[in-house]
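Okay, thanks for having me. I'd like to walk you through a few spots in this one, so get the viewer up and we'll go through them together.

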Amino acid sequence: MPSSPSLATGPAPASPPRALQDRRADLIVVLVALALAVWVTSGLWRDPNVRAITVNSSDQALFEWLLAFGGHAVTHGENPFFTYLINVPDGVNLAVNTSITVYAVVFAPLTYLIGPPATFLVILTLNLLATALAWYWLLSRHVVRSRLAAGVGGLFIAYSPGMVSHANAHLNWTAGWLVPLLIWRLFALRRPGHWLRDGVILGALVAVAFSIAAEGLFFAALALGVFVAVWALHPTHRAEARAALPNFLRGLGVTAVVAGVLLSYPLWLHFAGPQRFHGTGFDPVIHSEDIAAFVAFPRRSLAGEAGLGTSLAPNPTEENSFFGIPLLVLTVICFVAVWRRADPGRRAILWALGVVAVIFTVLSFGPVAKIDGRRTDLPMPFDLLGQLPVVNAALPARLALVVAPVIGILLAYAIDQLRAAPPRYRPTELAWVLGFAAALVPLLPTPLLTREREPVPQFITSGAWRQYVSDGNTLAPVPLPVDIYPDGQRWQAYALSHRQGEFAIPGGFFLGPGGPDGRGRIGPVPRTLSALMDQAGRTGLVPIITDGTKREVTSDLRHWRIETVVLADEVHGAKFEVDEAAVRRTATALFGEPQRVDDVWIWRIPPADR
């Protein structure tokens with residue numbers, strides 16, 4: 001493990017005046033990090049129950065549902081890792097989805113108090129804040145001596161383009177505070193005489209990280225594995241690594257046992273439980289990083305606001321690199337400047353950081369390289385690694401997220417070295433300041449785009465739905481719930497978090513089986529009724545309905561045990577506007593004239609048809 005003075009023993013105790021300066025620096029970093037977290041999420045703070053993230057409203061609805069369901073499951077003694085409330089009758093294996101169980105349990109009282117949308121916003125904001133503070137703590141206490149250096153590094157990592165991009169509703173990927181804690185506890189395993197306690201602590205932390213961000217934990221483990229291996233093989237540290245290896249391996253063994261015990265049931269569900277799948281429902285070629293994206297600017301930044309943003313990412317939530325040319329140039333200059341003055345121990349760390357950055361950059365290119373939106377025939381290493389178990393469930397573009405902490409650490413190293421060096425010529429100091437400003441100012445984040453969300457109908461909020469759904473039967477919002485029609489899960493989240501009881505829905509937004517070659521897919525395999533409603537909502541045209549169509553729809557009603565079909569006056573389409581009138585005409589052609597109840601249209605399905 002790394003043996004720089006800071007990582008081994010921490011900075012020297014500060015004198016009283018220096019300690020006061022350090023506390024002031026800590027306070028300033030906290031305030032800046034908080035201000036940036038609120039700034040990025042400010043569009044939602046206007047009214048979290050009314051507004052939603054524009055570019056990823058479906059994922060926001062999913063995480064709100066996960067918070068509501070997880071709290072409900074724990075307080076009602078239900079299984080938090082599997083549910084039959086969505087995707088009737090097969091259910092959903094939440095262990096292979098992003099179930100954020102720890103968040104759902106810890107924040108359950110808040111979810112019941114203020115509702116899932118507001119709790120979602122609180123967690124999102126705290127994620128950004130905690131990520132900045134956790135990295136600042138790790139850098140300032142264990143890596144560099146300058147609080148300014150640690151502040152710049154920590155704030156950059158927390159509000160890097162990838163993190164701000166994933167702030168578009170991803171409560172898992174914005175939980176970046178887990179990574180510095182994992183690094184800290186992993187390094188602690190080398191301490192002699194504490195392998196049992198340190199292994200237990202790291203095992204518990206791994207279990208928490210798996211519950212919140214399993215894919216992020218996997219990437220962190222890969223990156224740390226590469227870092228430790230490269231560092232240990234460096235001639236400067238081979239003897240030290242050999243001496244620390246027995247204690248380190250004992251601690252890792254304890255970590256594996258503790259994490260394995262705590263995660264035994266979720267892991268069984270993940271790899272052997274019902275409704276599992278192999279791989280993912282996303283195309284790794286589409287969800288790979290464009291080589292040109294590394295020199296491009298992100299959309300939610302000052303440069304993006306100035307018109308310099310690009311659309312090289314598969315969607316606005318996956319701008320995982322987008323560092324811009326100035327920052328990449330500055331990073332190389334910082335690496336060279338630090339390397340020139342570094343002792344052999346520091347050079348071993350720099351070498352390991354560089355290898356990690358290069359490996360994860362190349363892997364993020366996916367199976368084949370793309371340059372400025374054009375796919376080439378050049379195969380990439382991920383084409384081979386992507387066939388391996390577990391790796392085949394990862395999106396290669398997200399591997400680029402590992403590069404941001406490497407850049408942040410290099411920036412911190414450079415500033416720390418500049419602060420410790422003797423006074424320089426003023427033009428040299430000015431050049432460094434201008435270089436950092438030119439690289440970082442264009443990347444300053446701008447607030448997430450938000451829009452007014454369609455309200456949860458009074459039919460749901462009043463509890464009137466309970467008169468129309470009996471035990472064992474299903475309420476079916478139309479269009480039927482999938483990722484692009486998230487209303488059904490929002491309605492269900494409201495009912496669960498307001499203690500109204502449970503109603504099941506067909507479909508939903510989740511990852512489950514049914515994709516090609518045994519791989520996963522988003523949502524259930526489409527059936528006739530869901531396809532008809534989707535066609536009407538998208539096109540505004542009533543599909544041709546024959547007697548054969550009606551027989552297939554009756555089969556769907558029985559399959560889903562649908563007792564009541566519900567159409568709200570305003571239906572949210574995550575990718576397009578929904579034509580509610582066409583959906584109502586289609587439902588009327590299938591089920592007859594509807595009944596108006598509160599602010600929805602409902603169709604009661606006769607027992608013979610369900």
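Before the first spot, one term: when I say polar contact, I mean a pair of N or O atoms within 3.5 Å, where one must be able to donate a hydrogen and the other to accept it. And keep in mind that this is a predicted model.

So, go to asparagine 473. It's in the loop between helix H20, residues 458-461, and strand S7, residues 474-477. Which side chains does asparagine 473 join through polar contacts? One is serine 470, at 2.9 Å. Another is glutamate 563, at 3.3 Å. Leaving out residues up to four places away in sequence, asparagine 473 touches Ala504, Arg561, Glu563 and Arg610. Is asparagine 473 buried or exposed? Its relative accessible area is 18%, and the cut-off for buried is under 20%, so asparagine 473 counts as buried.

Now a second asparagine, number 56. This one is found in the loop between strand S1, 51-53, and helix H4, 57-75. Asparagine 56 has 7% relative accessibility, so we call it buried. Its side chain reaches a backbone atom, the oxygen of asparagine 168, at 2.8 Å. If you skip residues up to four places away in sequence, the ones asparagine 56 touches are Asn168, Ala169, His170 and Thr317.

Back to S7 for a second, since that strand belongs to a sheet. The sheet is open, has four strands, and runs S7-S10-S12-S11 with mixed pairing. Which strands are at the edges? Those are S7 and S11, residues 595-597, and each of them pairs on one side only. From one strand to the next, the twist averages 35°. Inside the sheet, look at S10, residues 562-568, and S12, residues 600-604: they pair antiparallel, over five bridges. If you want one pair to click on, alanine 568 has valine 600 in S12 as its bridge partner.

There's also a hairpin, made of S4 and S5. S4 is 368-371, and it pairs with S5 in the antiparallel sense over three bridges. Isoleucine 371 stands opposite arginine 374 in S5. Two residues sit between the strands, and aspartate 372 takes a positive phi near 55°. How many of the six residues in S5 are buried? Zero, so S5, 374-379, is hardly covered.

Helix H18, residues 403-420, is another story: 15 of its 18 residues are buried, which makes it mostly covered. From first C-alpha to last, H18 reaches 26 Å, close to the 26 Å expected at 1.5 Å a residue.

Last bit, helix packing. Take H7, residues 116-142, and H10, residues 178-188: their axes come within 7 Å and cross at roughly 35°. H7 passes H10 in a left-handed crossing. On the H7 side, the contact is made by Ala134, Trp135, Trp137, Leu138 and His142, and H10 brings Val179, Pro180, Ile183 and Trp184.

The other pair is H22, residues 528-539, with H24, residues 580-591, packed at an angle of about 145° with their axes 7 Å apart. Here the crossing is right-handed. H22 puts in Leu529, Leu532, Met533, Ala536 and Gly537, and these meet Ala582, Val583, Thr586, Ala587, Leu590 and Phe591 in H24. For those spacings, remember that an α-helix has 3.6 residues a turn, so residues three or four places apart point the same way.

That's my tour, over to you.

Key
Residues are numbered from 1 along each chain as its sequence is written. This is a predicted model: local features need pLDDT of at least 70, side-chain atom pairs count only at pLDDT 80 or more; totals for chains, interfaces and linings use all residues. Side-chain values use heavy atoms; hydrogens and water are left out. Buried means under 20% relative accessible area, exposed over 50%, partly exposed in between (1.4 Å probe, protein chains only). Two strands pair if DSSP finds at least two bridges between them. The expected span of a helix is 1.5 Å times one less than its number of residues. Contact means heavy atoms within 4.5 Å. Axes are lines fitted to C-alpha atoms, for helices over the stretch in contact, and angles run from 0 to 180 degrees between N-to-C directions. A crossing is left-handed if the near helix is turned anticlockwise from the far one by less than a right angle, and right-handed if clockwise.
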